[in-house]
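Dear colleague,

I am passing on the structure we spoke about, and below it you will find an account of what turned up in it. Please read the notes with the model open beside you.

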There are 2 protein chains.
Amino acid sequence: MSTSTSNAVRRIVVAPRPLRIAVVAPPYFSVPPHAYGGVEAVVAGLVDTLVSHGHHVTLVAAGRNGTRAQEFVQTWADPPAHLLGGSIGEVINAARVLAGLRLDSVDLVHDHTLAGPLLAASRRVPTVVTVHGPLDELADVYRPLGRTVQLVAISRAQTRQAPELNWVGAVPNGIDVDSFPFRSRKDDYVLFLGRHHPTKAPHLAIAAAKAAGVRILLAAKCNEKVEHEYYEREIRPRLGDDVIDVGVADAARKRRLLAGARCLVFPVCWDKPFGLVMTEAMACGTPVVALARGAVPEVVAHGRTGFVVDRPDELAAAILRTHELDPAECRAWVGERFSLEAMSRGYERVYRTVLGAGVTASLSGLPVAGADGSRS
Amino acid sequence: MSTSTSNAVRRIVVAPRPLRIAVVAPPYFSVPPHAYGGVEAVVAGLVDTLVSHGHHVTLVAAGRNGTRAQEFVQTWADPPAHLLGGSIGEVINAARVLAGLRLDSVDLVHDHTLAGPLLAASRRVPTVVTVHGPLDELADVYRPLGRTVQLVAISRAQTRQAPELNWVGAVPNGIDVDSFPFRSRKDDYVLFLGRHHPTKAPHLAIAAAKAAGVRILLAAKCNEKVEHEYYEREIRPRLGDDVIDVGVADAARKRRLLAGARCLVFPVCWDKPFGLVMTEAMACGTPVVALARGAVPEVVAHGRTGFVVDRPDELAAAILRTHELDPAECRAWVGERFSLEAMSRGYERVYRTVLGAGVTASLSGLPVAGADGSRS
């Protein structure tokens, strides 16, 4: 440390104290996941980045510790995928978290599960909870839990769906940008990537591509009953030389398809709280043409990394304008806002806010009993 | 108060202090239930009897307060039967219990739900939990919860299935004996009552009745896929003049069928922790012929209220001996052991044991982390 003059005030930059964070993952898939498992992928990326930032992380998950977490609490020897959707897996998982996670050596718990937040009221340290799912049902979980849980949204749009909840921040999901190939020269197709489902609306993407006169490739999951029915009704009759079903894509093929596309068409028909595929497209230098639902206007920088329009009949004109956008700017935008680094910095800010506020979970943090949970 | 002699020690019988008990019911059906809902029926009977014994009861349930509980915390305005089986209903229910149930005016919480026990560690008062289901999955919930929960089995056989759990008692389920008609003169049939399912094994009941040369009536549920398949394979081919399918029975018909039968045949093929229908039969003065699985040897007094045998091929001989048994003794046995009164007294003993032991739920009551929930 040196100062330029003898009477200068000595300025010491103190690196913030590293934190001790317990991250609780859902048990149904490995962390990171082998294939399916969006939340598990986010958790793995967060854990590794927090460790790289000097923090001490305890991961609570099923299977082996596939991350850089310094400590690991195993909930199941093998992820119990067969319990997904039922109640028993959630409750067993929370019970094992209660038993296995020693709180004397952590500053806070960051929970990514459904039943885990029920434990918050029993802890002396704060419980931060990321709301990964839609709030139409989940708000009924978090509303009665009141200030015992510190909620983090995955978009600002999500917080607006239930502004009465105890939000402490909004941190967009992050992706490993380096794992996505950047291409500035594009092939002559637009891409729909997702699943064959009315809310994902590939039929609107097809209509837009046809109106724009460009070829569209459909790479989408189609194995549930509702997906099959939708596909037979809305997609199969529209297939042709310029509407090509390429089936569901694995990780490598997904990246090739994204990188080569003129744009990703994302005609989502519900207020989705986030949309990871949009960030993946932009990371490849591929702009996004999307409807303005849910988090879309936050994820896509309209006029810079894509076009966000209000009506399906505006999608075609937007597709024809994507050549005006700079692929490098698309990728830079993701690095800035939707990288693992950005996500991790976002959560570190949340952790320090919560700890700085002296939040302690306790029953005094419960809301006054209302219509549900009221006494008579 | 009088004493016979002046120097006699004055003996004052002090009535035990009334307790303040919060009873938490599952939310999916009304309490008491309109039709289906075994746990809800038990809860309603317990609540009403506790109140009649002078206790102050707070019922936590969905819908209206259909009991004599002095206080009521409503979790849903209408029971959310559509959420049964999924995880969200359990978690919302527990969150609403946390928010709605004020603990400053109760001595203990008696929980009958799946996720509710996760809240025990946050309470200053003890949480008594009745284990209503089979332990093959539920033991994984209660084992990590350790001494934060005070477990009550519905039979001693159930405790033997997982002796390592924190059992504080075994209290058999009770029925409203007066609601069952007593008949000492029987008609000439034996009865199977339950559902068409391999584990309930009506095919064994049919074989036994045929071997004994007596007519059998089958009154059983058959609307799930597994029930239909079993019925077509095992039951339909065996129907005839002496094997009569009378369909599923409502409450009134069930009572008529039970009261008129020479005996109930209960060839259960798994270690069922209890069997309410056996107590209902005996309440009608109808003995029970059953296989010695699970709680059966505790529920049926072998040689007095029925016969408990080890092998299916012994059932026929037992059926032919049921005329030796006294219907009045069957009913008296239920009044003594399996009435609402007996159940309520059993739980009152448990409550006083738990409160007398000064049990307080806390994290110090957790087990040492083992194979599941272990650290590395």
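Strands and crossovers in chain B

In chain B, strand β10 (residues 243-245) runs parallel to β9(B), and three bridges join the two. Please bear in mind throughout that this is a predicted model. Within that pairing, B:Ile216 stands opposite B:Val243 in β10(B), and the connection is made through helix α6 (residues 225-235) of chain B, which together with β9(B) and β10(B) makes a right-handed β-α-β unit. Strand β9 (residues 215-221) of chain B also pairs with strand β8 (residues 189-195) of chain B, again in the parallel sense, over seven bridges, and there B:Tyr189 stands opposite B:Arg215 in β9(B). Here too a right-handed β-α-β unit is found, made by β8(B), helix α5 (residues 202-212) of chain B and β9(B). As for its surroundings, β9(B) is mostly covered, with five of its seven residues buried.

A strand residue of β11(B)

B:Phe266 is found in strand β11 (residues 263-266) of chain B and, at 6% relative accessibility, counts as buried. Leaving aside neighbours within four places in sequence, B:Phe266 is in contact with B:Lys272, B:Gly275, B:Val277, B:Met278, B:Val288, B:Val289, B:Ala290, B:Leu291 and B:Val296. The C-alpha atoms of B:Phe266 and B:Asn223, which are 43 residues apart along the chain, are separated by 20 Å.

Two helices and the residues that follow them

Helix α5 (residues 202-212) of chain A is largely enclosed by the rest of the structure, because eight of its eleven residues are buried. Those buried residues of α5(A) are A:Pro202, A:His203, A:Leu204, A:Ala205, A:Ile206, A:Ala208, A:Ala209 and A:Ala212, and the helix is followed by A:Gly213, whose phi is positive, near 75 degrees.

In helix α3 (residues 135-145) of chain B, the buried residues are B:Leu135, B:Leu138, B:Ala139, B:Val141, B:Tyr142, B:Pro144 and B:Leu145. What do the buried residues of α3(B) pack against? They pack against α2 of chain A, together with β5 (127-130), β6 (150-153), α4 (156-161) and β7 (167-170) of chain B. After α3(B) comes B:Gly146, which has a positive phi near 55 degrees.

Backbone geometry to look at

Most residues other than glycine have a negative phi, and most peptide bonds are trans. Against that background, phi of A:Ala201 is near 60 degrees, a positive value in a residue other than glycine; A:Ala201 is found in the loop between β8 (189-195) and α5 of chain A and, at 0% relative accessibility, counts as buried. In chain B, B:Ala201 likewise has a positive phi near 60 degrees, is found in the loop between β8 and α5 of chain B, and is buried, with a relative accessible area of 0%.

A cis peptide bond joins A:Val31 and A:Pro32, with omega about 0 degrees, and A:Pro32 lies in the loop between β1 (20-24) and α1 (38-52) of chain A. The peptide bond from B:Val31 to B:Pro32 is also cis, with omega near 0 degrees, and B:Pro32 lies in the loop between β1 (20-24) and α1 (38-52) of chain B.

Aromatic rings and charges

How many aromatic pairs does a search of the whole structure find over all chains? The search finds six, and one of them is formed by B:Trp333 and B:Phe338, which meet edge-to-face at 6.1 Å centre to centre with 70 degrees between the planes. Both partners lie below the 20% cut-off for buried residues, B:Trp333 at 6% relative accessibility and B:Phe338 at 3%. In chain A, one aromatic cluster is formed by A:Phe274, A:Trp333 and A:Phe338.

Charged groups also meet rings: the charged end of A:Arg255 sits over the ring of A:Phe180, 4.1 Å from its centre, while that of B:Arg96 sits over the ring of B:Trp76, 4.7 Å from its centre.

A buried aspartate in chain A

A:Asp107 lies in the loop between α2 (87-100) and β4 (108-111) of chain A and is buried, with a relative accessible area of 11%. Its side chain makes a polar contact with the side chain of A:Arg17 (3.4 Å). Not counting residues up to four places away in sequence, A:Asp107 touches A:Arg17, A:Leu19, A:Arg20, A:Val125, A:Pro126 and A:Leu355.

With best regards

Notes:
Residues are numbered from 1 along each chain as its sequence is written. Chains are lettered from A and ligands numbered from 1 in the order in which they are written. This is a predicted model: local features need pLDDT of at least 70, side-chain atom pairs count only at pLDDT 80 or more; totals for chains, interfaces and linings use all residues. Side-chain values use heavy atoms; hydrogens and water are left out. Rings of Phe, Tyr and Trp (its six-membered ring) pair if their centres lie within 6.5 Å; planes under 30 degrees apart count as stacked, over 60 as edge-to-face and the rest as tilted. Buried means under 20% relative accessible area, exposed over 50%, partly exposed in between (1.4 Å probe, protein chains only). A charge sits over a ring if NZ of Lys or CZ of Arg is within 6 Å of the ring centre and within 35 degrees of the ring normal. Helices (H or I, at least four residues) and strands (E, at least two) are DSSP runs, numbered from the N terminus. Two strands pair if DSSP finds at least two bridges between them. A crossover is right-handed if, with the strands pointing away from the viewer, the path from the first strand over the helix to the second runs clockwise. A polar contact is a pair of N or O atoms within 3.5 Å; within protein, one must be able to donate a hydrogen and the other to accept it, and residues adjacent in sequence count only if both atoms are side-chain atoms. Contact means heavy atoms within 4.5 Å.
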